[in-house]
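Okay, thanks for making the time, everyone. I'd like to walk through this one with you, so please have a look at the screen while I talk.

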Amino acid sequence: MQKLLIQLICFAFLLSLSSCQHAAESTQSNPFIVILGNAQDGGYPHINCKKECCKKYYSGAEEKHFVSCIAVMDPVSNQRFLFDCTPDFPAQLHLLDSIASTENMIDGIFLTHAHIGHYTGLMYLGRESMNATNVKVYAMPEMNSFLQTNGPWSLLVQLKNIALHKLKADSTIHLNERITVTPFLVPHRHEFTETAGYKIQLQNKSVIFIPDIDKWATWNHDILQLIKENDLLLLDGTFFHDGEIAGRNMNEIPHPFIEESMKLFENLSKEEKSKIYFIHLNHTNPALINNSQAQKEVEQSGFHVARQGQRIFFH
């Protein structure tokens, strides 16, 4: 009897291990998000910054933070898609290779707008560097036209280093049977092009990517409703609070301060708060610094700061 009991326990244990392995394999086969950078356009450390924030890097107390960028990886099709192409593109591609390497360099790049941190990494696809062939670049109409009519980007088009695909607001494109992407317009400084955010559908999970927006109140969408309707939101966290940049009128560079966003989101449920990751943090933003008090405040309030190299899986 005792021997039979031991055999039954062993069988149950092996069955449990098999179930756990199956769950892990299932999770690994689902498309997932990789955070390739979490800093504002100028990166971290910031050029000519002599403040304490960037001194931490030069003293070895803080790592380099690449410019805001995410990748979508599909382990089944082995496809990789970038959202924004930053000046840190070479290092970010190496980071992505270390996490999810494939034979193809990249299967598509989705651009949000024409501020320097979001598209200038395209330069590495040119003949001075990779001399790539027909890398798919997805862009909204004004961004698409900007690349075609302004050098040096127009040369990438002419030499077929990139192949432009024009997007339309609120129109969904299917990348494969598991991934769809829908661009939408957000209000942001309109010097050259419109600014897009993206809804990325990964099977039955939905991700919102808005690295840049002026203020939530200036948008014709209800951000609170958007949080309720989606599974993960990577949102503009450029500045932590007003007055963060001494001697500069921050109304000229409007963004939702993280403090403002946390106040706006404070009545959300614990589950809804946990969906929110702040990204695109300026070098002056104390929440960019790992294990800082500001970063802990964000986490203790139920939210997250997107961390470089982080993988976000869906079950």
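Let me start with F110 and Y198, which are both buried. This is a predicted model, by the way, so keep that in mind throughout. Now, how are the two rings of F110 and Y198 arranged, stacked or edge-to-face? Their centres are 5.6 Å apart and the planes sit at 75°, so we call the pair edge-to-face. What I like here is where the two residues come from. F110 is in strand β4, residues 108-110, while Y198 is in strand β9, residues 195-202. The two parts are 88 residues apart in sequence, so this ring pair ties them together.

That pair has company: the structure holds 16 aromatic pairs. Some of the rings join up into a cluster, where ring pairs link F184, W216, W219, F265, F278 and F303. There's also a lysine on a ring, with K215 lying over the face of F257 at 3.8 Å from the ring centre.

Okay, sheets. One of them is an open sheet of 7 strands, and reading across you get β6-β5-β4-β3-β2-β1-β14, with mixed pairing. Which strands are at the edges? Those are β6 (162-166) and β14 (311-312), each of which pairs on one side only. From the β14 end, β1 and β14 run antiparallel and are joined by 2 bridges, and I33 has I312 in β14 as its bridge partner.

Moving inward, β1 and β2 are also antiparallel, this time with 5 bridges, and V34 is partnered with A71 in β2. On the other side, β2 pairs with strand β3 (residues 79-83), again antiparallel and again over 5 bridges. There A71 has L82 as its bridge partner in β3. β2 and β3 make a hairpin with 4 residues between them, and N78 in the turn has a positive phi of about 60°.

So how much of β2 is buried? The count is 6 of its 6 residues. And both faces are covered: C69, A71 and M73 are buried on one side, and I70, V72 and D74 are buried on the other. Do notice that D74 is in that list.

That brings me to the packing. The largest nonpolar core has 33 residues, and the ones touching the most other members are L82, I109, L111, L122, L125 and L147. Elements giving two or more residues to this core are β1 (32-37), β2 (69-74), α3 (89-100), β5 (135-139), α5 (141-149) and α6 (153-158). Which of them gives the most? That's α3, with 6 residues.

If you want one residue to click on, try L125. Setting aside residues up to four places away in sequence, L125 touches F89, M105, I109, M130, N131, A132, V135, L156, N161 and I162. And there's a second, separate core of 32 residues, which includes F184, I213, W219 and M262. You've heard of F184 and W219 already, as members of the ring cluster.

Now for the other sheet on my list. It's open as well, with 7 strands in the order β7-β8-β9-β10-β11-β12-β13 and mixed pairing. Its edges are β7 (173-174) and β13 (304-305), which each pair on one side only. Within it, β9 and strand β10 (residues 205-210) run antiparallel with 5 bridges between them, and our friend Y198 has F209 as its bridge partner in β10.

Just before Y198 in the same sort of neighbourhood, have a look at G197, which lies in strand β9 too. G197 has a relative accessibility of 0%, so it counts as buried. Leaving out neighbours within four places in sequence, G197 contacts T182, P183, F184, V186 and F209. The C-alpha atoms of G197 and T182 are separated by 8.5 Å, with the two residues 15 apart along the chain.

Last topic, the cysteines. How many disulfides does a search of the whole structure find? It finds 0. The pair to look at is C49 and C54. The sulfur of C54 is 3.3 Å from the closest cysteine sulfur, the one in C49, and that's too far for a bond. Both count as buried, though: C49 because its relative accessibility is 10%, and C54 because its relative accessible area is 0%.

That's my tour, and I'm happy to rotate to anything you'd like to see again.

How values were computed: Residues are numbered from 1 along each chain as its sequence is written. This is a predicted model: local features need pLDDT of at least 70, side-chain atom pairs count only at pLDDT 80 or more; totals for chains, interfaces and linings use all residues. Side-chain values use heavy atoms; hydrogens and water are left out. A nonpolar core is a set of buried Ala, Val, Leu, Ile, Met, Phe, Trp, Tyr and Cys residues joined through side-chain atoms within 4.5 Å. Buried means under 20% relative accessible area, exposed over 50%, partly exposed in between (1.4 Å probe, protein chains only). Contact means heavy atoms within 4.5 Å. Rings of Phe, Tyr and Trp (its six-membered ring) pair if their centres lie within 6.5 Å; planes under 30 degrees apart count as stacked, over 60 as edge-to-face and the rest as tilted. A charge sits over a ring if NZ of Lys or CZ of Arg is within 6 Å of the ring centre and within 35 degrees of the ring normal. A disulfide is a pair of cysteine sulfur atoms within 2.5 Å. Two strands pair if DSSP finds at least two bridges between them.
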